[in-house]
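This report sets out selected features of the structure displayed below. Helix faces, sheet pairing and a pocket are treated in turn.

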Amino acid sequence: MEDLVLAERRGPVLVLVLNRPERLNAWTNELEDAYFARLDEAEDDPSVRAVVVTGAGRGFCAGADLAALGAISDGADVPPRPRPRTFPLTLRKPLIAAINGPAAGLGLVEALYCDLRFATPDAKLTTSFAQRGLIAEYGIAWLLPRLVGLSRALDLLLSARVVSGAEALTMGLVDRVVDAGELLDAAVAYAQALADTCAPASMATIKAQVYAALDTDLPTAVAESERLMAASFTGPDLAEGVRSYLERRPPSFPGLPPTAR
């Protein structure tokens, strides 16, 4: 199963590669299990400060493997999965997608579960669901409008049209467009900068704040930020952040401890 998702360390950055290139990295339960296991390893390794995920070969992820969809359409039972597919959203560390080719259907959803998305100008992104007789799956109806706005989300979902990486950048579907030969290095460089300059505990808390605030009002978000701010004033990261700034040196923040499971 480890061969389904390859892992490479680049200093404090863990690069994960979806590895079914002969199928454009189409999603299967086995691929999902391998990917989630790799994210577990990243979560529990204090030396990993950020994760970049990309695809082997010509694509990021072509969506659910159509052979599996065919079995479902023939009436086969859909077995429950051990964890929700939204599990990547719970990762405390920054998760960055490097979209090197087609990201379709569930493959696009997996990219949206990342905190940021880098893409090549010619990457092909599509929801694809409506053209397969499916609905807006796995929470994309919640995620997409928050990224690109209501009407653009409906355009992408209803038409299932293919948009390039360049067009995706104009609508906010991706955050950076980088030439193919430089894509992975650019995503890793961004992740490296986070690792070098930002406190892991701060980033984990900020991620949790942002995702929680999507479902709260402003007074609730302000009250929570005030509670968290008071706690941060007594922690070691603030002292190190201020001291490193005054001493004009890179900060030395501790990694996150493993999660209790």
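On one side of helix H10, Tyr-245 and Leu-246 are exposed. The model is a predicted one, and in it the other side of H10, which spans residues 236-246, carries the buried residues Asp-237, Glu-240 and Ser-244. These three lie on the same side of H10 because they cover an arc of only 65° around the axis. The element against which the buried residues of H10 pack is H8. Just after H10, Arg-248 adopts a positive phi of about 55°.

Among the buried residues of this helix, Ser-244 can be described further. Ser-244 has a relative accessibility of 4% and therefore counts as buried, the limit for that class being under 20%. When residues up to four places away in sequence are not counted, Ser-244 touches Arg-249, Pro-250 and Pro-251.

Helix H8, the packing partner of the buried residues of H10, contains Ala-213. With a relative accessibility of 33%, Ala-213 counts as partly exposed. Ala-213 and Ala-130 are 83 residues apart along the chain, and their C-alpha atoms are separated by 30 Å.

A second helix with a buried face is H4. Its buried residues are Ile-140, Leu-143, Leu-144 and Val-148. Seen down the axis of H4, these buried residues fall within an arc of 95°, so they line one face of the helix. They pack against three helices, namely H3 (106-112), H5 (150-159) and H6 (165-171). Just after H4, Gly-149 has a positive phi of about 95°.

**The six-stranded sheet**

Which order do the strands of the open sheet of six strands follow? The order is E1-E2-E3-E4-E6-E9, and the pairing is mixed. Strand E1 (5-10) and strand E9 (176-177) stand at the edges; each has a single partner strand, so one side of each is left without a neighbour in the sheet.

Strands of a sheet pair through backbone hydrogen bonds, in either a parallel or an antiparallel sense. The table lists three pairings within this sheet, each with one bridge partner pair.

| Strands | Sense | Bridges | A bridge partner pair |
|---|---|---|---|
| E2 (13-18) and E3 | parallel | six | Val-15 and Val-52 |
| E3 (50-55) and E4 | parallel | three | Val-53 and Ala-97 |
| E4 and E6 | parallel | four | Ala-98 and Phe-118 |

Strand E4, residues 95-99, is mostly covered, with five of its five residues buried. In a regular strand, side chains alternate between the two faces of the sheet. In E4 both faces are covered: Leu-95, Ala-97 and Ile-99 are buried on one side, and Ile-96 and Ala-98 are buried on the other. Two of these residues also appear as bridge partners, Ala-97 with Val-53 of E3 and Ala-98 with Phe-118 of E6.

**The three-stranded sheet**

Another open sheet consists of three strands in the order E5-E7-E8, again with mixed pairing. Strand E5 (103-104) and strand E8 (163-164) are its edge strands, each pairing on one side only. Strand E7 (residues 124-126) and E8 run antiparallel and are joined by two bridges. In E8, Val-163 is the bridge partner of Leu-125.

**The second largest pocket**

Several of the elements described above also contribute to a pocket. The second largest pocket has a volume of about 390 Å³. Its lining comprises 19 residues, and those nearest its centre are Asp-115, Leu-116, Lys-207, Val-210 and Tyr-211.

Which elements each supply at least two residues of the lining of this pocket? They are strand E6 (116-119), helix H4 (140-148), helix H7 (183-197) and helix H8 (200-213). The largest share, five residues, comes from H8. H8 is thus found both in the lining of the second largest pocket and as the element against which the buried residues of H10 pack. Strand E6, a contributor to the lining, pairs with E4 in the six-stranded sheet.

By residue class, the lining divides into 15 nonpolar and four charged residues, with no polar ones. Tyrosine is counted as nonpolar in this division, whereas aspartate and lysine are counted as charged.

Methods: Residues numbered from 1 in each chain as written. Predicted model: local features only at pLDDT ≥ 70, side-chain atom pairs only at ≥ 80, totals over all residues. Heavy atoms only, no water. 1 Å grid on protein atoms, 1.4 Å probe; cavity = no way out; pocket = protein on both sides within 12 Å on 5 of 7 lines; lining within 4 Å. Points joined across faces, edges and corners; volume = space filled by probe spheres on them. Buried < 20%, exposed > 50% of the residue type's maximum accessible area, 1.4 Å probe, protein only. Arc of directions from axis to C-beta. Contact = heavy atoms within 4.5 Å. Pairing = 2+ DSSP bridges.
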